[in-house]
Amino acid sequence: MTVTPDTSPDSLPPIEVRIQSADFDVAAEIEQLRRANPNIGAVVTFTGLCRDEGGRLAALELEHYPGMAEAEITRIARQACTRWPLDGLTAIHRHGRIEPGGNIVLVVAASRHRRAAFEAAEFLMDYLKTRAPFWKKEHLKDGSSGNWVDARDSDTRDADRWKA
């Protein structure tokens, strides 16, 4: 597991980025943010799961570039914290072999108000889906390897709406 807490000297809220092979506990991640700041009024989470692709997928294998992935996700998380009034932001992305139904990614955005938390979580997730340095390979139930998975055009359009 790689943990990259953002320790910048500016006034950004706490940011935690983790790339790990182990599963995560959504409730524990929410509680960690809630405990850190009693002024939080909204917590929005997004959990991405591995689909079985109509019963044909045995697993999805996720690879990343260690160091680069954490730095890039931290950079975009900092950007989210400058765009919205957040009180904390957590991004966890798993790597390795993940079977259908397994957790892949978690984004937790905390703010005093819901709109900021919703928009920041969506912004970060759109980035993770289209531009984060991860590679996904399908492993099929018939024992063969499937395709490397690319971002869909609709995912790219979703991410493009955040451009300044």
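Let's start with Pro85, which sits in the loop between helix 2 and strand 5; helices here are DSSP runs of H or I with at least four residues, strands are E runs of at least two, and both are numbered from the N terminus. A quick word on the source: this is a predicted model, where local features need pLDDT of at least 70 and side-chain atom pairs count only at pLDDT 80 or more, while totals for chains, interfaces and linings use all residues. Residues are numbered from 1 along each chain as its sequence is written, and side-chain values use heavy atoms, with hydrogens and water left out.

Back to our proline. Is Pro85 buried or exposed? Pro85 is exposed, at a relative accessible area of 58%. For the cut-offs, exposed means over 50% relative accessible area, buried under 20%, and partly exposed in between, using a 1.4 Å probe and protein chains only. Leaving aside neighbours within four places in sequence, Pro85 is in contact with Ser111, Arg112 and Ala116, contact being heavy atoms within 4.5 Å. From Pro85 to Ala120 we have 35 residues in sequence, and 9.1 Å in space between the C-alpha atoms.

Now, friends, the inside. A nonpolar core here is a set of buried Ala, Val, Leu, Ile, Met, Phe, Trp, Tyr and Cys residues joined through side-chain atoms within 4.5 Å. The largest one has 38 residues, and Ile73, Trp84, Leu89 and Leu128 touch the most other members. Several elements supply at least two residues each, among them strand 2 (15-20), helix 2 (68-83) and strand 5 (86-94). Which helix gives the most to this core? That is helix 3, with nine residues. Take Leu128: beyond four places in sequence, Leu128 touches Ile73, His93, Val105 and Val107. There is also a second, separate core of seven residues, including Leu33, Ile92, Leu106 and Val108.

Two histidines next. His64 is in strand 4 and is buried, at 17% relative accessible area. Not counting residues up to four places away, the contacts of His64 include Ile19, Glu70, His95 and Trp135. His139 is in strand 8, and counts as buried at 15% relative accessibility. Outside its neighbours within four places, His139 is in contact with residues including Leu57, Glu61, Arg97 and Ser144. The C-alpha atoms of His139 and Glu99 are 9.4 Å apart, with their positions 40 residues apart along the chain.

Last stop, the cysteines. How many disulfides does the structure hold? Zero, taking a disulfide as a pair of cysteine sulfur atoms within 2.5 Å. Cys50 is buried at 5%, and Cys81 is buried at 8%.
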